[in-house]
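I opened this notebook to record what I looked up, one residue at a time. The structure goes in here before the entries.

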Amino acid sequence: MLELMEVIESYNEYINKIPKGTMSIANYLRENQIREALESIKNFSEGVMWLTHASELIIENKGEAPLAINKIREFLSEINEGLERQDYVLVADLFEYEIAPFFEEVQEAIAAIQ
């Protein structure tokens, strides 16, 4: 049970960091700092994959994890498509106007649960 509580705590902490991180990615892309942006996007992708697994673990143990996993997969697909086309403006807009607000809503949902 202690392990689950640690996962929940890490989950909540990470969720709280994402909006700021998504804005950093958007800014890197807009400032043509592509290397930094790509490294941050890689870290973001790994982080949200961890969140997905953590959500599944929390739900399996009868907890609440208000993270729409299908939406995360959509975001990752859209990011990948934009990067393949090297459409950095699109990817920056995605991080700023879709992903950041999505995670702000998740933050609010978590706050409501606690």
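The entries below cover three residues of a predicted model.

**Entry on E3.** I began with E3 and found it in helix α1, which covers residues 2-30. Is E3 buried or exposed? I looked up its relative accessibility, which is 58%, so E3 counts as exposed, the cut-off for exposed being over 50%. I then checked the surface for charge. E3 belongs to a patch of negative charge there, together with E6, E9 and E13.

**Entry on S55.** I went on to helix α2, residues 34-60, where S55 has its place. I noted a relative accessibility of 0% for S55, so this serine counts as buried; buried means under 20%. Which residues does S55 touch, when those up to four places away in sequence are not counted? I listed Y11, A65, L67 and I69.

**Entry on F75.** My last residue was F75, which I located in helix α3, spanning residues 69-84. Its relative accessible area is 2%, so I put F75 down as buried, again by the cut-off of under 20%. I left aside the neighbours within four places in sequence and looked up the contacts of F75: they are L94, E98, I99 and F102. I also looked up the pair F75 and S45. How far apart are F75 and S45 in space, C-alpha to C-alpha? I wrote down 9.7 Å for this pair, with their positions 30 residues apart in sequence as the separation.

Definitions and conventions. Residues are numbered from 1 along each chain as its sequence is written. This is a predicted model: local features need pLDDT of at least 70, side-chain atom pairs count only at pLDDT 80 or more; totals for chains, interfaces and linings use all residues. Side-chain values use heavy atoms; hydrogens and water are left out. Patches are made of residues with over 30% relative accessible area and no salt bridge: like charges are joined within 9 Å, nonpolar side chains (Val, Leu, Ile, Met, Phe, Trp, Tyr) within 5 Å. Accessible areas come from the Shrake-Rupley method with a 1.4 Å probe; for residues, only the protein chains shown count as cover. A salt bridge is a side-chain nitrogen of Lys or Arg within 4 Å of a carboxyl oxygen of Asp or Glu. Lys and Arg count as positive and Asp and Glu as negative; His and the chain ends are not counted. The place of a charge is taken as NZ of Lys, CZ of Arg, CG of Asp or CD of Glu. Helices (H or I, at least four residues) and strands (E, at least two) are DSSP runs, numbered from the N terminus. Buried means under 20% relative accessible area, exposed over 50%, partly exposed in between (1.4 Å probe, protein chains only). Contact means heavy atoms within 4.5 Å.
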